[in-house]
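Ready to poke around a structure for yourself? Work through the exercises below, trying each task before you read its solution.

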Amino acid sequence: MLKEMIAASLAEHCSLSSQQIAELLEFPPNEQLGDVAFPCFALSKLMKQSPAQIAGQLATSLPSNSLWTTSAAGPYLNFKFNRAAVIGQFVKNGGAQIPEIGKGKRVIIDMSSPNIAKPFGIGHLRSTMIGNALYNLLGKAGYETVNVNHLGDWGTQFGKMITAYLHWGGPADKAEDPIKAYLELYVRFHEEAKLRPELETEAREWFVKLETGDPEARRYWSMFIEDSLAAFNKLYDRLGVAFDHYLGESFYNDKMDAVVDQLSQLGLLEESDGALVVRLDEEGLPPCIIKKSDGSSIYATRDLATAIYRHDQMQGEELLYVVGAEQSLHFRQLFLVLNRMGFDWAKSCKHIPFGLMLMDGQKMSTRRGKVVFLEDVLDEAASHALRIIEEKNPTLSGKNEVAEAVGVGAVIFGDLLHSRLHEVNFSLEDVVNFEGETGPYVQYTYARTQSLLRKAASGNSGEQVQSEAADYLHTEGDYSWQLVKSLMRYPDVLVQAAQRYEPSVVARYLIELAQTFNRFYHHEKIITGNTAEQSAKLALVRLTAECVEDGLHMLGVKALKEM
Ligand code: ARG
């Protein structure tokens with residue numbers, strides 16, 4: 001807010017735009033000289049005067065006002081804030097204002113997208129958490145956000161699944177945990193097919209039946225989908241994630257011929273070992289396979305039809321794909337083919353990749369049965385949180401719900417704290433901890449703001465903060481000032497996170513804000529009984545609470561009144 005105000009008033013007195021000025025403004029390490037400095041070197045060339053001369057002139061033409069004092073020091077124009085006035089103004093404005101950079105632009109976010117009849121993988125978990133944070137962040141920044149779960153519900157593996165189910169499966173097997181039973185069937189199919197190749201033939205036949213709409217094949221396929229969705233939805237509920245659309249790969253079955261026709265009319269298709277491909281030699285990439293030699297379409301073909309549908313029918317202006325970095329080649333090929341087809345919107349398609357997540361140093365793999373594993377992780381996180389709560393706050397009511405929110409929140413925050421491309425080395429002990437750079441630490445700080453506001457309300461005839469009575473001279477100290485400066489940065493943090501598709505920017509900011517608040521809390525007596533002082537300090541507590549709550553919400557983590 002301050003930067004913008006300074007930039008705007010400086011722009012009236014020189015030939016630079018306020019945006020150019022804002023980029024030049026510096027925050028000197030020695031605050032004695034000023035809180036913000038404007039270096040006049042850039043103007044020197046334009047105005048053919050020395051930087052020091054310009055600084056001197058600006059200091060006279062831009063006099064001090066109620067918010068700041070200006071002075072020239074060599075080539076710099078310095079601004080020193082009147083802290084009380086600035087803080088009063090900030091509180092009056094209701095804290096930091098978020099710029100709407102998205103301006104109603106519709107962005108479609110492909111996220112989570114697990115595969116039917118297979119366990120929900122750790123990559124899908126990361127995609128869900130990162131995707132959900134981006135969905136919130138971009139929405140906050142003024143985009144019209146739509147998220148889609150691109151379920152892996154089509155492909156030759158369904159022929160195998162039906163075959164395996166008919167040979168070895170049955171209701172009894174899947175009663176307890178259908179996904180686990182399906183995974184076992186799938187694994188068994190591959191083992192037995194090595195010895196009995198006729199199983200492969202059978203599977204192919206079933207897939208053909210499925211493709212031609214055979215009712216029996218469809219029935220099994222629907223059952224797999226239903227069972228899988230029930231399991232996935234349990235997980236989404238716990239993570240607090242919802243989808244605007246579930247549109248699986250099968251949805252595009254009847255939309256692919258048109259794509260293949262278009263590619264062939266454009267002369268982009270070539271034959272290669274019986275398959276139809278689009279060559280990408282010029283770009284130094286392997287060809288994108290459109291149709292396999294047996295005539296079946298594949299993942300890439302479905303993704304082409306999907307992108308066209310999202311652009312044409314869903315009117316997406318920007319298409320994001322939150323998918324692991326291991327699929328980078330696939331998305332490069334996909335976007336290049338769209339570009340070759342003459343779609344200039346291909347440049348608004350973006351792959352948002354992320355790195356692996358390691359559990360206590362080990363890669364989690366499908367063979368270890370991830371559904372159970374993932375639920376176990378959340379369960380364990382919650383019971384770990386419960387143990388800490390029992391110790392710290394044994395009389396807390398609703399302990400189990402709080403522990404669930406702390407445990408799940410800790411897992412989400414622990415993931416989002418790292419730049420998304422980094423490998424995350426996940427350890428429950430580290431993330432479910434009330435101290436350190438963790439979700440619970442931020443949640444605990446929020447609960448602290450709530451307890452302060454409750455305490456003040458009970459001693460103040462029910463009124464929490466009497467803003468009119470506040471005297472911000474009481475918040476001129478360094479701890480209050482650092483807190484306000486941190487709060488003022490929030491809009492920049494959100495914009496940066498949204499522009500870089502990087503939720504970690506928000507997570508890291510929340511840690512820093514919580515630390516700054518806790519320093520303020522430990523050094524300043526807040527409930528003093530002096531109305532003018534208490535109200536001023538409580539105003540900062542309230543703004544901190546609002547900011548932390550909003551930030552946690554962006555990441556998909558619950559803020560708790562008590563813990
Ligand atoms: N189901 C895929 C997988 O598990 C992820 C799909 C990502 N989205 C897409 N449009 N390709 O690998």
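**Exercise 1. Find Lys103 and describe its setting.**

Solution. Start with the location: Lys103 sits in the loop between helix H5 (83-92) and strand S4 (106-110). Keep in mind that this is a predicted model. Next, look at the backbone: Lys103 has a positive phi of about 45 degrees, although it is not a glycine. Finally, is Lys103 buried or exposed? A residue counts as exposed if 12 or fewer other C-beta atoms lie within 10 Å of its own. Lys103 has 9 C-beta neighbours inside 10 Å, so it counts as exposed.

**Exercise 2. Do the same for Ala117, then place it in an annotated stretch.**

Solution. Follow the chain past S4: Ala117 is in the loop between S4 and helix H6 (122-140). Its phi is near 65 degrees, which is a positive value in a residue other than glycine. Now count neighbours. The cut-off for buried is 20 or more other C-beta atoms within 10 Å. Ala117 has 26 C-beta neighbours inside 10 Å, so Ala117 counts as buried.

For the annotation, turn to UniProt, where an unreviewed entry places the feature "short sequence motif: 'HIGH' region" at residues 114-124. The end C-alpha atoms of that span lie 6 Å apart, and the span is 27% helix and 0% strand.

**Exercise 3. Which residues are around the ligand, and how do they split by class?**

Solution. List them: Asp110, Ser113, Asn115, His150, Gly152, Asp303, Thr306, Tyr321 and Val323. Then sort them by class: the shell has two nonpolar, five polar and two charged residues.

**Exercise 4. Check the length of helix H7 (residues 157-168) and find what covers it.**

Solution. First, work out what to expect: at 1.5 Å a residue, the 12 residues of H7 should span 16 Å. The end C-alpha atoms of H7 are 16 Å apart, so the two values agree. Then look for the buried residues of H7: they are Phe158, Gly159, Lys160, Met161, Ile162, Thr163, Ala164 and Tyr165. What covers these residues includes helix H9 (178-195), helix H10 (198-211) and helix H11 (215-239).

**Exercise 5. Repeat the check for helix H14 (residues 328-340), and see what comes just after it.**

Solution. The 13 residues of H14 should span 18 Å at 1.5 Å a residue, and the end C-alpha atoms are 18 Å apart, which agrees. The buried residues of H14 are Gln333, Leu334, Phe335, Val337 and Leu338. They pack against S8, S9, helix H13 (299-312) and strand S11 (349-352). Just after H14, Gly342 takes a positive phi of about 90 degrees.

**Exercise 6. How many of the residues of H16 are buried?**

Solution. Start with the length of helix H16 (residues 399-416): its 18 residues should span 26 Å at 1.5 Å a residue, and the end C-alpha atoms are 25 Å apart, which agrees. Now the count: 15 of the 18 residues of H16 are buried, so this helix is largely enclosed by the rest of the structure.

**Exercise 7. Set sequence separation beside distance in space for two pairs.**

Solution. Take Glu283 first. It lies in the loop between strand S8 (275-278) and strand S9 (288-291), and it is exposed, with 12 other C-beta atoms within 10 Å. Glu283 and Leu336 are 53 residues apart in sequence and 8.8 Å apart in space, C-alpha to C-alpha.

Now try Gly459, found in the loop between helix H18 (439-458) and helix H19 (478-488). Gly459 is exposed too, with 11 other C-beta atoms within 10 Å. Gly459 and Val495 are 36 residues apart in sequence, with 39 Å between their C-alpha atoms.

**Exercise 8. Zoom out to the whole protein.**

Solution. Begin with the elements: there are 22 helices and 14 strands. The C-alpha trace spans about 90 × 65 × 35 Å along its principal axes. Of the 563 residues, 41% count as buried. For the contacts with a separation of 6 or more, residues 24 or more positions apart account for 72%.

Last, the domains. The domain assignment gives domain 1 (2-81) and domain 2 (157-239). Their centres, taken over C-alpha atoms, are 68 Å apart. UniProt, in an unreviewed entry, lists residues 4-81 as "domain: Arginyl tRNA synthetase N-terminal". Residues 4-81 are 42% helix and 21% strand, and the end C-alpha atoms lie 14 Å apart.

Note on methods
Residues are numbered from 1 along each chain as its sequence is written. This is a predicted model: local features need pLDDT of at least 70, side-chain atom pairs count only at pLDDT 80 or more; totals for chains, interfaces and linings use all residues. A residue is near a molecule or strand if its C-beta atom, placed from the backbone, lies within 6 Å of it. Ala, Val, Leu, Ile, Met, Phe, Trp, Tyr, Cys and Pro count as nonpolar, Asp, Glu, Lys and Arg as charged, and the others, Gly among them, as polar. Domain bounds come from an automatic or database domain assignment. UniProt positions are given in the numbering used here, feature names are shortened, and annotations may be inferred rather than shown by experiment. Helices (H or I, at least four residues) and strands (E, at least two) are DSSP runs, numbered from the N terminus. The expected span of a helix is 1.5 Å times one less than its number of residues. Two residues are in contact if their C-beta atoms, placed from the backbone, lie within 7 Å.
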